[in-house]
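Me: I would like to learn how to read cavities, pockets and helix contacts in a model. Please give the general idea each time, then the case.

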Amino acid sequence: MTANEIRDSFKKFFESKGHTIVPSAPMVIKDDPTLMFTNAGMNQWKDIILGTRDPEPRRRADSQKCLRVSGKHNDLEEVGHDTYHHTMFEMLGNWSFGDYFKEGAIDMAWEYLVDVLGLDPKDLYVTVFEGSPEENIPRDDEAAGYWRKHVPEDHILLGNKHDNFWEMGDTGPCGPCSEIHLDSRTPEEKAKVPGRELVNKDDPQVIEIWNNVFMQFNRKADGSLEPLAMNVIDTGMGFERLVRALQGKHSNYDTDVFQPIIRRIEELSGKQYGSTEEVDVAMRVIADHIRAVAFSIADGQLPGNAKAGYVIRRILRRAVRYAYTFLGQKQAFMYRLLPTLVSEMGQAYPELVAQQELISKVMKEEEDSFLRTLETGIRLLDKVMAETKAAGKSAIDGTQAFTLFDTYGFPLDLTQLICRENGLSVDEAGFDVEMQKQKERARNAAAVETDDWQEVVNDELRMKNDESGSQDTDIHSSSFVGWDYTEYECHILRYRRVTQKKQTFYQIVLDKTPFYAEMGGQVGDQGVLVSENETIDIIDTKSENGLTVHIAKKLPQHPEASFMACVDTDKRHASEANHSATHLLDQALREVLGTHVEQKGSLVSPEGLRFDFSHFQKVTAEELRQVERIVNQRIRENIPLQDHRDVPIEQAKELGAIALFGEKYGDRVRVVQFGKSVEFCGGCHVKATGQIGMFKIVAESSVAAGIRRIEAVTGQKVEEMLYQLEDTIGAIRNFFNGQPDVTANIEKMIMENADMKRQVEQFVHEKGQQAKQMLIEKAVVQDGVTIIKHFLPLPADAVKDIAFQLRAEVPNALVALGSMNQDKPLLTCAASDSLVQEHGVNVGKIIREAAKLIQGGGGGQPHFATAGGRNADGLSAALDKFVELALA
């Protein structure tokens with residue numbers, strides 16, 4: 001079976017078992033503050049597991065694209081050195097939310113592996129949780145009992161808490177798990193050592209292929225466990241490992257998941273996989289990393305300098321420098337592998353096909369940029385090595401090696417390689433110290449202490465619930481009413497304290513809220529909670545696993561009271577105007593530039609809007625003006641909002657809404673429509689476009705290759721901008737005594753200035769020629785050397801020009817000129833080629849010593865150099881010192 005056939009067989013099997021087959025969620029996570037990337041198949045179901053989203057359908061299965069660059073066995077720097085760990089990987093998974101539990105999961109796993117795929121039962125070993133007396137959790141005898149239906153007792157192994165008790169995080173859902181391990185060694189190896197002795201021992205041929213997690217507990221902040229309201233099955237099977245087993249390979253990289261890419265790397269590099277360990281590691285790194293980078297860009301995450309963007313940049317740069325160092329690739333290389341990747345995986349993941357041009361352009365630009373950085377790093381390393389040797393040392397300082405790594409992306413192993421070639425080593429211990437300091441800084445910055453949720457017992461709300469029996473007064477549910485209201489009566493359901501960076505604030509959940517939680521590019525609302533006795537400021541609103549969380553600096557004294565939730569309407573209305581304007585902008589860009597335009601990111605706040613979109617060249621001033629005219633025309637038309645709520649996704653697409661790659665949509669969605677503009681959106685909008693007022697683009701720029709950014713303002717901000725522009729023009733007009741034609745007066749002033757500049761340059765040139773002649777006449781000949789030493793009251797460029805003329809025109813000239821540059825002393829020195837070549841004069845070296853007398857420094861070439869300083873009184877002595885050292 002090919003890899004694609006194996007993936008399809010998994011989906012078909014679980015579909016036959018009543019599971020809904022769902023598409024992979026994006027690998028880049030946009031609505032979970034605790035994660036940057038999907039690192040497990042269950043990430044997209046966190047809100048269901050936490051009870052904040054409807055669990056229907058209760059049986060689901062998929063192949064989820066995941067990314068891991070940290071944690072056990074997933075350190076980025078280790079990927080490529082073994083045969084079975086990756087950054088980006090696929091996780092085949094099936095889930096049950098309150099449906100089947102341990103027995104169903106175990107039976108289906110066994111049936112698929114043995115009956116469908118034909119794996120030999122004798123090669124399969126399973127683990128179950130051994131229990132934890134300190135937490136009063138017994139051995140998982142239930143799971144062991146179900147496994148006995150399928151495997152002998154000696155194939156059932158006990159696992160400790162580290163391997164066989166799964167936890168979502170420090171708090172939250174958790175439970176025992178049961179791993180399935182496959183022994184793929186040769187018969188001779190199996191005869192020598194039983195497979196059971198190698199399970200979880202890091203043997204590359206006895207590996208875990210499937211983990212069945214039985215979520216049945218909730219971990220509280222104090223470490224205690226309580227039963228989950230709904231038992232959950234969460235299974236994950238490493239797709240690449242499964243393909244390796246079924247194709248009879250001993251390395252994931254030998255399967256048809258990776259081999260087409262590796263063969264293409266061979267063609268492009270002219271090197272053979274299997275020839276040397278260094279080449280093999282480099283090809284494995286590249287074959288792995290091309291997938292991680294391509295899928296991330298397809299999901300909307302561009303390489304950058306922060307958070308998720310920085311992770312993607314690190315992955316790409318690691319691949320580039322392996323190609324550079326071990327495959328001799330000095331030009332952009334990775335992007336040329338993309339067609340092969342798309343050919344192999346495009347059918348299963350159509351976003352690769354649709355985004356191929358964008359991915360290619362972004363990757364090439366990023367590669368070119370890093371290759372330039374590498375060249376800069378090599379030059380800096382050359383300087384460090386020269387200084388190290390000059391100091392009589394055999395190892396470069398670890399701090400300098402870390403600076404190369406941290407500032408220029410120059411990895412330690414590349415620094416070590418180049419140093420070895422030059423007879424030096426690297427102070428690795430010093431490097432590790434600096435690296436640890438950086439990790440500690442990052443850890444401290446990210447450290448968050450979160451208490452358990454405190455439920456608020458509200459008698460009034462409970463009484464309403466008992467009387468009506470309505471879901472609308474469910475004491476556990478929270479609903480958003482902010483599309484229709486900016487004030488609403490509410491009650492606090494729960495709250496918790498959170499501490500980060502030595503600041504304490506509180507998260508509050510309401511039963512009904514008009515506050516919009518930050519999502520989809522729109523910032524969270526601010527406002528107040530008001531009761532009869534007090535007012536609590538809400539400083540921000542976030543979405544956490546589908547739950548709207550209100551951020552406050554203090555708690556109400558009486559959280560059980562009734563409150564009025566009041567949104568700051570000035571800020572909300574400004575955000576609404578900017579959000580609706582963003583939709584009109586998107587549509588106008590598609591009309592002006594073409595239908596290839598696709599949103600790649602946005603930010604909507606009360607201050608303005610930012611819109612990133614795919615387009616492969618700068619948007620011209622004419623095109624921007626045309627876009628502005630279209631948007632403002634539709635604002636004047638006062639197009640009413642058509643708000644299509646809770647519609648099936650297929651109906652939404654029929655309305656014309658375009659699904660964006662990298663976004664996750666449910667079965668039922670909201671569609672916001674203003675005339676021709678039709679978009680999936682959960683944000684807040686004006687009731688009609690006339691409320692936007694006016695639209696003005698203030699900037700257009702490049703974010704990355706193929707990605708442009710427009711920044712704009714609306715309404716009152718446009719008005720303020722016009723006033724500011726009017727004031728600026730008025731101030732300029734006043735410079736010209738109120739004359740009406742400002743442009744003509746500025747043009748006239750520029751022309752006059754240019755003419756005066758030419759006159760000054762001519763004057764300086766003439767003075768320079770006079771000065772040169774004077775210097776020649778006053779020159780002193782000593783031991784065959786013509787010494788020209790003087791102070792010149794001329795600009796630095798003119799002095800430099802004179803020095804070059806003198807060294808060329810005067811035989812055996814030694815030139816030492818002093819001048820003032822922006823009130824600071826300047827030495828300008830030169831020597832004829834004959835003095836440099838025949839007498840060994842090195843002006844650049846000598847000037848550094850002379851510059852000490854003006855409390856400065858400098859340098860240059862053997863024939864010419866300059867030095868600046870702070871002590872003008874020492875200038876004459878510095879000139880004398882230069883001549884003295886040059887003649888010594």
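Reply: Start with cavities: on a 1 Å grid over the protein atoms alone, a cavity is a set of points where a 1.4 Å probe fits but cannot get out, and lining residues have an atom within 4 Å of a point. Points are joined across faces, edges and corners, and a volume is the space filled by probe spheres set on them. This is a predicted model, with local features needing pLDDT of at least 70 and side-chain atom pairs pLDDT 80 or more, while totals for chains, interfaces and linings use all residues. Residues are numbered from 1 along each chain as its sequence is written, and side-chain values use heavy atoms, without hydrogens and water.

Me: How many cavities of 30 Å³ or more does the structure hold?

Reply: There are 2. The largest encloses about 40 Å³, and the second largest about 30 Å³.

Me: Which residues line the largest cavity?

Reply: Its lining consists of G482, W483, E576, L641, D643, R645, R670, C684, H685 and K687. By class this gives 3 nonpolar, 2 polar and 5 charged residues (nonpolar: Ala, Val, Leu, Ile, Met, Phe, Trp, Tyr, Cys and Pro; charged: Asp, Glu, Lys and Arg; polar: the others, Gly among them).

Me: Which residues line the second largest cavity?

Reply: They are L182, S184, I207, I209, R241, R244 and A245, that is, 4 nonpolar, 1 polar and 2 charged. Strand β8 (206-219) and helix α7 (239-246) each supply at least two of them; the largest share, 3 residues, is from α7. Helices (H or I, at least four residues) and strands (E, at least two) are DSSP runs numbered from the N terminus.

Me: How much space lies in the second largest pocket?

Reply: A pocket is an open set of grid points with protein on both sides within 12 Å along at least five of seven lines. The second largest one holds about 310 Å³. Its lining has 18 residues, of which D570, H573, A574, P606 and Q716 are the closest to the centre. Helices α18 (569-593) and α21 (716-735) are the elements giving two or more residues to this lining, and α18 gives the most, with 7. The lining divides into 5 nonpolar, 7 polar and 6 charged residues.

Me: How many residues of helix α8 are buried?

Reply: Buried means under 20% relative accessible area, exposed over 50%, partly exposed in between (1.4 Å probe, protein chains only). In α8 (residues 259-269), 8 of the 11 residues are buried: Q259, P260, I261, I262, I265, E266, L268 and S269. Their cover includes α9 (277-298) and α11 (338-345). Just after α8, G270 has a positive phi of about 75 degrees. Over the protein chain of 888 residues, 50% are buried.

Me: At what angle do the axes of α10 and α13 cross?

Reply: Axes are lines fitted to C-alpha atoms over the stretch in contact, with angles from 0 to 180 degrees between N-to-C directions. Those of α10 (residues 307-326) and α13 (residues 356-390) come within 10 Å and cross at roughly 65 degrees. Contact means heavy atoms within 4.5 Å; on the α10 side R313, L316, R317, V320, R321 and Y324 take part, and their partners in α13 include M363, F370 and I378. The residues of this contact divide into 8 nonpolar, 2 polar and 6 charged.

Me: How many helices and strands does the protein chain have?

Reply: It has 26 helices and 34 strands. Its C-alpha trace spans about 105 × 80 × 55 Å along the principal axes.
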